[in-house]
Amino acid sequence: MLLIHCPYCQEDRPELEFANAGEAHIVRPKNMDEMSDEDFEAMFFIRDNPKGVNLERWRHAFGCGRFFNAIRNTVSDKFLKVYKAGEPRPSDEEIAELLK
Amino acid sequence: MTAQNDQPFRVKGRGALSRAGTIEFTFDGKTYQGLEGDTLASALLANGVHLMGRSFKYHRPRGVLAAGVEEPNALVGISRDKARHTPNVRASVQELYDGLAATSQNRFPSLNFDIGSVNSLMSPFFPAGFYYKTFKWPAKAWDKLYEPFIRRAAGLGDAPTESDPDRYANRYAHCDVLIIGGGAAGLLAAREAAKKKQSVILCDENPQMGGYLLSDSDVEIEGLSGPAWAASVVAELKKLDNVRLLTRTTGFGYFQQNMVGLVESVTDHLSTPPADLPRERMWQVRAKKVVIAQGAIERHMVFPGNDRPGIVLAGAAQTWLNRYGVTVGDRAGVFTACDTAYAAAFDLYEAGTEIAAIIDTRSQVGDDLLAQAKELGIEVFTGAAVAATTGNLRVNGMTVKTATGEEKQFDIDSLIMSAGWTPSLHLYSQSRGKPVWDEASQRFLPGHSPQNCVTIGACNGAQDLATVFAEAAKAVGAKPTKITVKDDVSLAGGVIGTTGPAADKGKAFVDFQNDVTAKDIKLAVREGMHSIEHVKRYTTNGMATDQGKLSNMHGLAIAANMLDKPIPQVGLTTFRAPYTPTTFGSFVAHTRGSLFDPSRHTPIHDWAAENGAAFEPVSLWKRAWYFPQAGEDMHEAVDRECRTVRTTAGVFDASTLGKIEVVGPDAAAFMNIMYTNGWDKLKPGRAKYGIMLREDGFIYDDGVVGKLSDNRFHVTTTTGGAPRVLNHMEDYLQTEFPDMRVWLTSTTEQWATIAVQGPKAREIIKPLVSGADISNEKFPHMSVVECKVCGVPARLFRISFTGELGFEINVPADYGRAVWETVWERAEPLGACAYGTEAMHVMRAEKGYIIVGQDTDGTVTPHDAGLTWAVAKSKPDFVGKRGLQRPDLMADGRRQLVGLKTTDPKTVLEEGAQIVDDPEQPIPMKMLGFVTSSYWSGTLGQSIAMALIEGGADRMGEKLYVPMPDGAIEVEVTGTVFYDPKGEKLHG
């Protein structure tokens, strides 16, 4: 079982307390009415399924209840970084640094 | 019946067991004697019994091969009673207790005479890949012939016939260092870590710590014998508070972030398990550091006829002799490719067993070993091999091919063998480490550790105790300590793969448990299996319950040799948890029966139970389904409940409805986003039916929402939907609209909800309500008011899920039952009834009210469901608004919700039944849709149904058909509102 660090609680807690909430940094546009069908498809349906670094959302569902973002290596299942919802996506350089 | 003999193969002066501890046990109904501390295998061997099982495929007679968990052959059933029968227990692991009852497996009618062994004669017809080749065609033969055959042939042993009465415990533990394996390496690591004041857990699968030290008669450590040294370290560790010693405890699985699963066997070795002890205890250990000291497993030699009872691993023979005082026979042959078998042979010789000869495949053997053999008068053939053996139920001879090609015959009653030692990489591999091939020693060894984990000792490739101790100290960060070791035997050397010139003749077994021979592996390669993963699956090598502990390396070497490729290029199969078979009970622990899943009860549950309700599960809730009166079946009870509600009134426990309090200055704006409806114009004190969509435009949930004030909404959800609806709302609030000043609280369990429905509903509750005027004028349909009911603060809704005049009283849950009983005291004399979920379902279907998840399935839009009126298209945004514009969602011919009436009013359709327009069309028919809800309506005197049908809204009045096994049922498409379409009763 994974231990996941909740950036709000600032604690390592067991995986059982968390729920994965899919890919991170997908922004719901303000002007959805104007979106083309292709853009809507890309926004709502199309997801990356990378082998390796994945930026994803988690919710500390049975803890503080907050949503947050995480960078996880899907090969090793290692969490490279967790950060609060709303914080910017780490740059590729920063992610590369985490992988070292 | 008492035992007939007196353990003829028990050797005086050998082993750690005492004759004073003589106990009795049975094997296949026959009584034997053994000693306390024996394993079942050692006790049977003491009685001269080698034959302990039959092999899986060929039903060949098999003896015990190994003295530990790697044993592939001697699998037995251990029974305490019908419910406590454990199949496939390794006789080499099962500790003997007084009265133990064991039975052999995979034989009929008896172990000595087994009809299934004709499979062995048929073996030319059971080659590798037999199943793939044979059970291909014709397809028709699957049901009747192939599947029953495979099912009968598959599976070892018998499952118990009753449910498991034992208890299993579960514990979590944390420590600085978890050491897996209590042999020389593990013991020293624990001692050094303990000195550094680290918290230590040391576990070992055996009843005693010491590992191979307990089997070695020669070694001396710090001036003590192996067993004495181990005992002294254990005694020292036992005194320490920072060390937990767990014996009979197997590290079976290594998971992420240094979480290791251990299973402790607590009572399986006891004659009469105390009632207060669990049978097993699962430990989930999270360790800062893990030290793996699993040791090594001795390999067998792969030669023709290597599987006859009496042929055992040399290390096992040594263990039985030096720990249990049991010799494997009177006259033993020795077949080896490494040094350790010599030590075993010399020990046996000293114990009075004649050694027929030592056959060593190596042409160069150490002078000291040869000298010692010569001194004892034991003949050694170097560069030689055993070419064949004889004997049916027990080996009785071996044919040796000498270095010069000469054949020699030896009479023997046992044969000990060693092809060298395989480092156990199981847990290292489970930790996601990648084993690395060491060309010099022809072994896979642990490479880099991806977790904070160190492998030490024999599993790390150490071949002598000096190295073992050095690795152990280093692993826990201690300085190397000088430990004197005398008379140590090196584990070096050995062979992998087949041995000797005759290896291709006869059956040279690689995998004993699955009956895989060297020939099978070669055949698999010839037939195109070039990866070890394919060879494994084609031959089933290493796929038995022992997971190839003995066979994997041999199989790999044979395949690599055939392919003429280096071993690492052929690959190593991945080791999976569990290391050894682990009971379901230990995983399940307490979570069974009523503890399997939480069962949620409303505050009114007990009243319903006391009043004879039948219950149905709805998500985790138990809901009152119907309240049968004397002599009523479900159908009659539901008819009566519906009739009573429609003519008088009924009281219904709606407490399970999900409830969410949406509060804050931006509450209405947030509701505008989450629901399709408009909320700005709704006045406080009014309620509205709301629909929630997903972003893709499909219905996600629905429910009535009451507006209590401009910044407070009482939202209800479906019973099963409450958690996901709250999650959905929180998601948008936290991540898309974090600036909105809104707070969400789950209040499902804070409110008990009592629905009072029917023409007399107002009459029933009126005297109980204070602080509100509930007249039709002041409190019309879809109203909400905060008031008091029975003097208790309440939120009273005027709503209806039945189509009748209706109220829903929400009171704090603690008052739920008291208020319910007070309502009931007024309702019952007026002729009202308590009704359950089934009557509720019938009445809502009569009104065409949908149930999300029953009449919708995640592909239904509000328009499809006939709820277009509930979508406020003029709103700038709501979740699902853009999704609804997708071309497919606006296309013609979508499935739409309609009503169905059967032409024969008495026929009730099956929910889920498919609908076609022409029942005579050829199969496969074109399905137009399916039935979502279907009931008998006593009120209407006919069956009613709802269905999702292509272009349903345009099919009103059409005749369609529901094909069933006994003929098609004719139906007419109608609207969904069957009862009181004008809603006159609702507003009454």
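## A walk through chains A and B

Select chain A to begin: its secondary structure comes to two helices and six strands. Here helices (H or I, at least four residues) and strands (E, at least two) are DSSP runs, numbered from the N terminus. What pattern does chain A follow along the sequence? Reading along, you get β-β-β-α-β-β-β-α.

Before going on, know that this is a predicted model: local features need pLDDT of at least 70, side-chain atom pairs count only at pLDDT 80 or more, and totals for chains, interfaces and linings use all residues. Residues are numbered from 1 along each chain as its sequence is written, while chains are lettered from A and ligands numbered from 1 in the order in which they are written.

**Stop 1: the two chains**

Stay with chain A and turn it around. Its C-alpha trace spans about 40 × 30 × 20 Å along the principal axes. Of its 100 residues, 15% are buried. A residue is called buried if 20 or more other C-beta atoms lie within 10 Å of its own, exposed if 12 or fewer, and partly exposed in between, with C-beta atoms placed from the backbone.

Now select chain B. You'll find 25 helices and 51 strands there, and the C-alpha atoms fill a box of roughly 115 × 70 × 60 Å, taken along the principal axes. Of the 988 residues in chain B, 50% count as buried.

Two residues are in contact if their C-beta atoms, placed from the backbone, lie within 7 Å. Looking at contacts with a separation of 6 or more, residues 24 or more positions apart account for 67% in chain B and for 52% in chain A.

**Stop 2: where the chains touch**

Show both chains together. How many residues does each chain bring to the contact? Chain A gives 18 residues and chain B gives 19 residues. Pick out helix α1 (residues 37-44) of chain A, which gives the most to the side of chain A that touches chain B, with three residues. That side of chain A divides into ten nonpolar, three polar and five charged residues. For this tally, Ala, Val, Leu, Ile, Met, Phe, Trp, Tyr, Cys and Pro count as nonpolar, Asp, Glu, Lys and Arg as charged, and the others, Gly among them, as polar.

**Stop 3: an enclosed strand**

Next, select residues 331-336 of chain B, which form strand β18. Why is β18(B) largely enclosed by the rest of the structure? Five of its six residues are buried, so the strand is largely enclosed.

Add strand β19 (residues 354-360) of chain B: β18(B) pairs with β19(B) in the parallel sense over six bridges. Two strands count as paired if DSSP finds at least two bridges between them. To spot one bridge, click G333(B), whose partner in β19(B) is A357(B). Getting from β18(B) to β19(B), the chain passes through helix α8 (residues 340-350) of chain B, and this β-α-β crossover is right-handed. In other words, with the strands pointing away from the viewer, the path from the first strand over the helix to the second runs clockwise.

β18(B) also pairs in the parallel sense with strand β24 (residues 414-418) of chain B, over five bridges. Try T336(B) here: its bridge partner in β24(B) is S418(B).

**Stop 4: a sheet of three strands**

Look for an open sheet in chain B with the order β21-β22-β23 and antiparallel pairing. At the edges stand β21 (385-390) and β23 (407-411) of chain B, each with a single partner strand, so one side of each is left without a neighbour in the sheet. Five bridges join β21(B) to β22 (residues 397-401) of chain B. One of the residues to click is A385(B), as its bridge partner in β22(B) is K401(B).

**Stop 5: two helices**

Select residues 667-674 of chain B, helix α19, where six of the eight residues are buried. Among them are F670(B), M671(B) and I673(B). The buried residues of α19(B) pack against β35 (658-663), β36 (687-693), β38 (712-717) and α20 (722-736) of chain B.

Then jump to helix α11 (residues 465-475) of chain B, whose buried residues include L465(B), V468(B) and F469(B). After α11(B) comes G477(B), with a positive phi near 75°.

**Last stop: the nonpolar cores**

Finish with V756(B), I809(B) and V823(B), the residues with the most contacts inside the largest nonpolar core, which has 109 residues. Such a core is a set of buried Ala, Val, Leu, Ile, Met, Phe, Trp, Tyr and Cys residues joined through C-beta atoms within 7 Å. A second, separate core of 101 residues includes I355(B), A357(B), M398(B) and F509(B).
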